[in-house]
Amino acid sequence: MKKDRPGWPTRPTGRWLALALAVAVHAAFIAVLVFSVRWQNRPPEPVTAELYAPPAKAAVVDTPAAVPEPTPPQPTPAPAPPPAPAPKPEPVPPAAVPKPEPKAGKPDPRAAEIAQKARLDEDRKKREVIEREKQERERKEADKRERDRKDAEKREAEKRKADEQKRAVETRERQSREAEALRAQAEREKATRDAQQKVADAEAAARARAEADYIRRIQSKVKGNVILPPDLAGNPEAIFDLIQLPTGEIIDAVLRKSSGVRAYDDAVQRAIVKSSPLPRPDRPDLFQRTLTLKFRPQD
């Protein structure tokens, strides 16, 4: 049995072996991952194929040998046209390369990360599409509300304008009717006033005539009782105020204006007293308690 040398450390053989195996396993796992990624990402190579027709075989005829006869010279044939270019073969699409399925019991963290990223991208795109659709709907709704508001404002403005025009027409018609009614009323009032004035004038004229006739009858009766003084020159005028009763009886006769001839004034006054009772008017409303009468000798 070999003894260990003093001063030399003991080698942990099992520990180093385990470490070497672990390194080898990790290296193999990394190599497998790299190979699988390269194999998955390797672009497919296009496959091309060229088709050619086999050359035509010349027909062989067994004939006996004969002496060739001289042939006349043949015209030079025209050069044959160049052959049409052969159609390019369409590339055959490469067969879909199946994705390697992860081995059971060993999930691929990169594949899970890619799948999660794809799901996140898909969700993000869906949200973006939904958000764009929402914004488009909101924009269309806002445009529709704006159009409806403008249409409503236009209709309201047209309605206000039509109402104003209608009110203006109604106002003009009402003013015209009122003016016509005022003119008609004024004409009626004028006609009424004219008629009343005519009646009043006619009544006044009739009253004046009746009153004048009443005064003349009184004056005539008084003059019939006047005894003119001798040698009376000219046509003097004496004015008297007579106070009488409704029966015509004279209460008093007062000289208001002298004629300038005392004898004539006294003669008239005596004639007035002698004429009592005076003639009464034809209409009772013409009676006057106090009468002012003028007397002239030559009237």
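Two strands pair if DSSP finds at least two bridges between them, and that idea will help you read this predicted model. Residues are numbered from 1 along each chain as its sequence is written. Because the model is predicted, local features need pLDDT of at least 70, side-chain atom pairs count only at pLDDT 80 or more, and totals for chains, interfaces and linings use all residues, while side-chain values use heavy atoms and leave out hydrogens and water. Helices (H or I, at least four residues) and strands (E, at least two) are DSSP runs, numbered from the N terminus.

**Confidence**

- The protein has a mean pLDDT (the predictor's confidence in each residue, from 0 to 100) of 78, with 71% of residues at 70 or more.
- Over residues 1–6 the pLDDT stays under 50, and the model has zero contacts (heavy atoms within 4.5 Å) for them beyond four places in sequence.
- Residues 92–98 also have pLDDT below 50, with five contacts beyond near neighbours in sequence.

**The sheet**

- Three strands form an open sheet in the order 2-1-3, with antiparallel pairing.
- Strand 2 and strand 3 are the edge strands, each pairing on one side only.
- From one strand to the next, the twist averages 25°.
- Six antiparallel bridges join strand 1 and strand 3; A238 has F295 of strand 3 as its bridge partner.
- Helix 3 packs on this sheet, touching strand 1, strand 2 and strand 3, and its direction makes about 25° with that of strand 1; axes here are lines fitted to C-alpha atoms, for helices over the stretch in contact, and angles run from 0 to 180 degrees between N-to-C directions.

**Helix 2**

- Helix 2 covers residues 109–224, and its 116 residues should span 172 Å at 1.5 Å a residue, the expected span being 1.5 Å times one less than the number of residues.
- Its end C-alpha atoms lie 165 Å apart, which agrees.
- Where is helix 2 buried (under 20% relative accessible area, 1.4 Å probe, protein chains only)? Its buried residues are Y214, I215, I218, Q219 and V222.
- Those residues pack against strand 1 (238–244), helix 3 (262–274) and strand 3 (290–295).

**The nonpolar core**

- The largest nonpolar core (buried Ala, Val, Leu, Ile, Met, Phe, Trp, Tyr and Cys residues joined through side-chain atoms within 4.5 Å) has 19 residues, and V222, L242, I272 and F295 have the most contacts inside it.
- Helix 2, strand 1, strand 2 (250–257), helix 3 and strand 3 each supply at least two of its residues, and helix 3 gives the most, with five.
- F295 touches several residues further away than four places in sequence, among them V222, A238 and I272.

Methods
Buried < 20%, exposed > 50% of the residue type's maximum accessible area, 1.4 Å probe, protein only.
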